[in-house]
Amino acid sequence: MSFNTQITKNRVVEIVDSCMGSSKSTNALKYMDNNPHQRYIYVSPLLTEIDIDGRVPNSLNNIEIFSPTDESGTKGEHLLELIKQGCNVCCSHSLYSSLTDKHFNQIAVGNYVVLIDEEINVIGGFDNYSDSDIQWLIEKGDVSISEQDGMVSWVGDKSKITKEHKYYEFLKCCESGVLYSSKRSSTMMVTQLPIRLFECAKRVIILTYLFKDNILDSFLRLKGFEVKECTDIIPNTVNKEDFKKLLNIIPPSKKMLNHKLNATWWSEANGEMIKEVKNFTETSCKKLGVKGDDVLWAVPKERAVKMNNRGKILFKPRNYTVDSKGNSCYLASSIRATNDYAHKTTMVHLINRYPLVCVSAYLQDYDCKMDANVFALSEMLQWLWRGCIRKGEPMNVVIGSERMYWLFMNWLYDYGVLPKQVYGKSYSKEIKDVQ
């Protein structure tokens, strides 16, 4: 079923942009409960928040809300039935991102208000095929690329492309309208979520932080949406002074200034380079007097998890690789929402974060450039706030990258500019100067 063009498409996205701990989610649920005459879809990053014992259903007194199950089919099928019945629904980011035209039509017919807690990943890399594979399809004339937005379409014969065919997945991406190519290189491709996720609802409200010039902002500008502040959900005021009192920040050591710690560095790092980062982690944690049960660290997955690592050395800081229960002290730097680590008192961030090259290149090529520093800071803040500071408890923050350290300090202390060197003046004097 195709999208019903007779139904007016929503072209406005409302944003609640506020710091962690400002009760965005709580106030959004209060808004829903105070306006029971509307129909809602609440999209949460946490499955634990939307199950029968979760915060979402148990925070609502005036409306009943249902979470799709797979008891008699798929969750997607159950979600469709709930929407057809006009029920209020709560679901995960993953499920919402996989909606089909059938869902979009029913959401439009039902005049639903969609509230999305935390940004969903609207655009990602596509590296399932080699450059030569893609170039062969282009030269053969099987695919075409739109000059307007880079959308990749399959225009060749597809009669013989079965599920076992090499290009079956490529074909399906084209048919779904999710595959796009950058201008600078036709083989540099990204996948995008369908804009109907934002068009089909009566209103779309996104709860986030550091939205402006980040990936979602650039994506919505590219697609021609009007973005405005949501005036119905007012977050609480958060004072950074409260954070300053709780955070003990450890800067990179002088040796760490020699290491970029970006994705390329981690991919190419030899044993000696890994050892220096490991020593920095071990030394910092020992000085803080913490144990594995207290520590969480972030490095690229290929250096933390045993898989097809192609001989690369794993990052295993002594006494801080696993906790006393055998659970890993590693947590991916892209994690945005989980309460499972709120007991961790020491967060060690060891990645110089950048968006995927193909993503930033695509957005820039179509005049919707994003800010790599905003992306990096938002990712790091989300990761750090998995620790005990989310409960208002004191927390150690160890940052290995000079760039990431200054992004964090600039955010926390409002320097207004990014100093070039960590050791331009003493750390204690530096903090004293800004207080």
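This passage describes a strand, a pair of helices, an enclosed helix and one buried methionine in a predicted model. Local features were accepted at pLDDT of at least 70 and side-chain atom pairs only at pLDDT 80 or more, whereas totals for chains, interfaces and linings use all residues. Residues are numbered from 1 along each chain as its sequence is written, and side-chain values rest on heavy atoms, with hydrogens and water left out.

We may start with strand β2, residues 39-44 (strands, E, of at least two residues, and helices, H or I, of at least four, are DSSP runs numbered from the N terminus). Five of the six residues in β2 are buried, where buried means under 20% relative accessible area, exposed over 50% and partly exposed in between, for a 1.4 Å probe and protein chains only. β2 pairs with two strands (pairing requires at least two DSSP bridges). Five bridges link β2 to β5, residues 112-117, and these strands run parallel; here tyrosine 42 has leucine 115 as its bridge partner. Another four bridges link β2 to β4, residues 88-92, again in parallel, with isoleucine 41 partnered by valine 89.

Attention now turns to helix packing. The axes of α4 (residues 75-84) and α6 (residues 101-109) come within 9 Å and cross at roughly 20°; axes are lines fitted to C-alpha atoms over the stretch in contact, and angles run from 0 to 180 degrees between N-to-C directions. The two helices are therefore roughly parallel, a label for angles under 35 degrees, while over 145 is roughly antiparallel, 65 to 115 roughly perpendicular and the rest oblique. At the contact (heavy atoms within 4.5 Å), Gly76, Leu79, Leu80, Ile83 and Lys84 of α4 meet Lys102, His103, Gln106 and Ile107 of α6. By class, this contact holds four nonpolar, three polar and two charged residues; Ala, Val, Leu, Ile, Met, Phe, Trp, Tyr, Cys and Pro count as nonpolar, Asp, Glu, Lys and Arg as charged, and the others, Gly among them, as polar.

Helix α10, residues 215-222, has seven of its eight residues buried, so it is largely enclosed by the rest of the structure. Among these buried residues are Asp217, Ser218 and Phe219. Glycine 224, which follows α10, has a positive phi near 80°.

Finally, methionine 380 belongs to helix α15, residues 372-384, and is buried with a relative accessible area of 0%. Beyond its neighbours within four places in sequence, methionine 380 contacts His349, Ile399, Met404 and Phe408. The C-alpha atoms of methionine 380 and methionine 404 are 8.1 Å apart, with 24 residues of separation along the chain.
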